[in-house]
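Grab your viewer and work through these three short exercises. Each comes with a solution you can follow step by step.

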Amino acid sequence: MKKFGVLAVLLLFTFSILAGCQSQGGKEAKVNFPEKAIEIIVPYAAGGGTDAVARALADAAKDSFSKPIAVVNKTGGGGAVGMAEGAKAKADGHTVTMVTVELVTLPNMGLAPFTYNDFKPIIQVNADPSALTVKADAPWKTAEEFLNYAKANPGKVKVGNSGAGAIWHLAAAAIEDKTGAKFNHVPFDGAAPAVTALLGGHIDAVTVSPAEVASHVKSGQLKILAVASEKRLEQFPDVPTFKELGIDVVVGTWRGLAVPKDTPDEIVSILYDGFKKAAEKDSFKEFMKNAGLGLEVKDGKEFLERMKNDNELFAKLINSLGLAKK
Amino acid sequence: MLSHLFYGLAKVLRPDIFLLLLLGVWGGIAIGSLPGLTATMGVALLLPVTFGMEPEAGMLLLLGIYIGAIYGGSVSAILLRTPGTPAAAATAMDGFEMAKRGEAGKALGISTTASFIGGIVSTLMLITISPILAKIALKFSAPEYFALAIFGLSIISSISGKSPLKGIIVGVFGLLVSTIGMDPMTSYPRFTFGNVNLLNGFSFIPVMIGLFGLAQALYNVEESEQAVKIQQKVEGVLSALSEIKRILGTAVRSAVMGTFIGIIPGAGADIAAFVSYNEAKRWSKHPEKFGTGIPEGIAAPEAGNNGVTGGAMIPLLTLGIPGDAVTAILLGALMIQGLQPGPLLFKEHGELVYTIFSGLLVGNVLMLISGLLGIRLFIKVLSVPKNILTPLIFVLCIVGSYAMNNSFFDVGVMLASGVIGYIFMKLDFPASPIILALILGPMAESNLRRSLIMSGGNYSIFFTRPISAFLLTLALITFITPFLKDFIKRKNLGN
């Protein structure tokens, strides 16, 4: 019997610690903002790209606000856990979420308990297009040749992506949608394994971001046939956009900050001013350049516009791929 | 090449850089030995700190942590049967048994020496033959990963102690658990009951902390009544040194295996440790003694998992492809410094590459010295009375499982796994097969289906590719050997 007594005490002890972990204080929002530390929720693991952008931005923004900024990683569900928590946070501006393009893909797949309407965007800081990339010694010299081959041999060309329903899968689907080509989509666990498989010649192409193939393009092992952006990239000025080739595909990932939708506009504008200043700092620009990430700073209104457009585009693509769980 | 290496060595021995490396190794050992803080996490957490440093200094700090943490996991695995990192789960099997006999010092000495051998052998392979080895990384695609995962799973029958059948029951249970979460090919949620926390399945670290750490702590609660205190022998270092001859062969073999597994992207220290343990047992003259606390049972997984450190750097530096989760972060660290790993790195930044080589060599030496000197300190943990130590382990388990993803859900997972692990202990079911199943189940599933997408549904893809065919054959042999031996033994007894 005594054994159980000890066990009970231990369990009680354990649960009291748990209770301690959960309680979180919060004050009413006032116009003097921030009243306490600002927390940025990163829905992905420490060490990844989104985490790096958030930390670099937080570092650049530390002079913009009177209170410190903390970056907290809340991972799980391919970003769903962190963004769900960010959407449900107290709408006082002290909890900011680093939202990514998954904000408009996960809900359309039926995998997330939120939509982009649950957030009020503050600022967009990054955008990277999809880059159609093949091996340097591949038989296709141009995107047209590649797409003509894919049209002539439907389902034969193996196009690697970073996961089923992930942005680069949808990018390949967008290319199919606009050209009538039919690919054999091969999902990998992230972009890096897909690029490795391309290097090894196990697949024919990838549709990941330019940064993820840049080092292999520079060393002459891979070549980019076209990018799905509005304008040509500074880093690869010789690579045409799909638009130039008469294929209207603009698709890619983006990152930015957002707060819960009920956050007062005055606070949103204080946050915007602070982070805008940070995003324009040389240190942040340098970081983005070195990391190979596209710097694209837009205000909340333009950011919302992009979310809205992408939401419609992806809703259609996800349905056509049969990925929607309804 | 030697002159480059001396240049690198001179750089590493510069006081400030040397200090950072040393701090990295110490910090790594601390991070590694705390359950829930893994090598990956330690490197990720310190990554932002390196942004402001010169590339060499930053890289060596992170490499120090990498080396230290992979080794550090064995400290808590041996002393508390709570693997600090997944890579040390295999070490717990023999390490804890040896510590229970009062030979914790010897166990730690062996794990330190073996880790050192693993690190040095793999670094030497990195320095001398990395361009040749790097090609292996590109040979591996979905069918090979599937075959590797199946080979890993086949080990279950031989690490399950007395009853392979119990091991298989536990392994299948683990495989079933590993199907929870999004389908890897269609992203369809399976068995999640609408809970977003389950979309990616159960996180593997909290499960491990529960199965090993919490379960052992619950077990201790029972034992504390009897209060048997094991007198720990202190001549740990010396007796470990005398064991070197015995473990050297095993350690070097495991180190080479660890290096190869490190090279393969997506297969890391955890898999290397289990595979090395299994192979050591396969080639041993007395395989039945594995699991009872023998030196080889500690040396193999520890040399294997530290072998991964040098191995994983091979594709990173030569091809720009990370060999495991830690080197994926190192890739980011290099890029943020404006350096592109890959074939051009050797040409454009040769000094940095050789500084990294020298740093790995020196870092491993520092780990050896710190580890051996630390043994007396580490052992003190066991002189803490159990009624104080056990609650501390409870706290560590909770903090560790929360810290991984800042997730409260994970704490619940850990507690549930702890209860399951306790029941397993009581019924004499081994816990390691679950860990293997959780690591390898998703790898096997997604690569099976990825292969079939690539081949258009044709299963011959697994048998026409040599590496895949070889690994699958090896898996079959590994899986049936224990049963076969059992059968022969019984037949002989019958006659």
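**Exercise 1: a helix pair**

In this predicted model, helix α11 (residues 269-283) of chain B packs against helix α18 (residues 432-455) of chain B at an angle of about 125 degrees, the axes being 11 Å apart. Work out how to class the packing, and list who touches whom.

*Solution.* Start with the angle: oblique covers what is left outside under 35, 65 to 115 and over 145 degrees, so α11(B) is oblique to α18(B). Next, the handedness: α11(B) passes α18(B) in a left-handed crossing. Now the contacts: from α11(B), Asp270(B), Ile271(B) and Phe274(B) meet Ser432(B), Ile435(B), Leu436(B), Ile439(B), Leu440(B) and Met443(B) of α18(B). Sort these residues and you get seven nonpolar, one polar and one charged.

**Exercise 2: aromatic pairs**

How many aromatic pairs does a search of the whole structure find? Take Trp254(A) with Phe303(A) and describe the geometry.

*Solution.* The search finds 15 over all chains. For Trp254(A) and Phe303(A), the centres are 5.3 Å apart and the planes 85 degrees, an edge-to-face pair. Then place them: Trp254(A) sits in strand β10 (residues 252-260) of chain A and Phe303(A) in helix α11 (residues 300-321) of chain A, so the pair ties together parts 49 residues apart in sequence. Trp254(A) is buried at 0% relative accessibility, and Phe303(A) is buried at 0% too.

**Exercise 3: a glycine**

Is Gly262(B) buried or exposed, and what does Gly262(B) touch beyond its neighbours within four places in sequence?

*Solution.* Find Gly262(B) in helix α10 (residues 236-263) of chain B. Its relative accessibility is 0%, so Gly262(B) counts as buried. Its contacts beyond those neighbours are Ala267(B), Val308(B), Gly311(B), Ala312(B) and Gly323(B).

How values were computed: Residues numbered from 1 in each chain as written. Chains lettered and ligands numbered in written order. Predicted model: local features only at pLDDT ≥ 70, side-chain atom pairs only at ≥ 80, totals over all residues. Heavy atoms only, no water. Helix = DSSP H or I, 4+ residues; strand = E, 2+ residues; numbered from the N terminus. Buried < 20%, exposed > 50% of the residue type's maximum accessible area, 1.4 Å probe, protein only. Contact = heavy atoms within 4.5 Å. Axes fitted to C-alpha atoms, helices over the stretch in contact; angles between N-to-C directions. Left-handed = near helix turned anticlockwise from the far one by under 90°. Nonpolar A, V, L, I, M, F, W, Y, C, P; charged D, E, K, R; others polar. Phe/Tyr/Trp six-rings, centres within 6.5 Å; stacked < 30°, edge-to-face > 60°.
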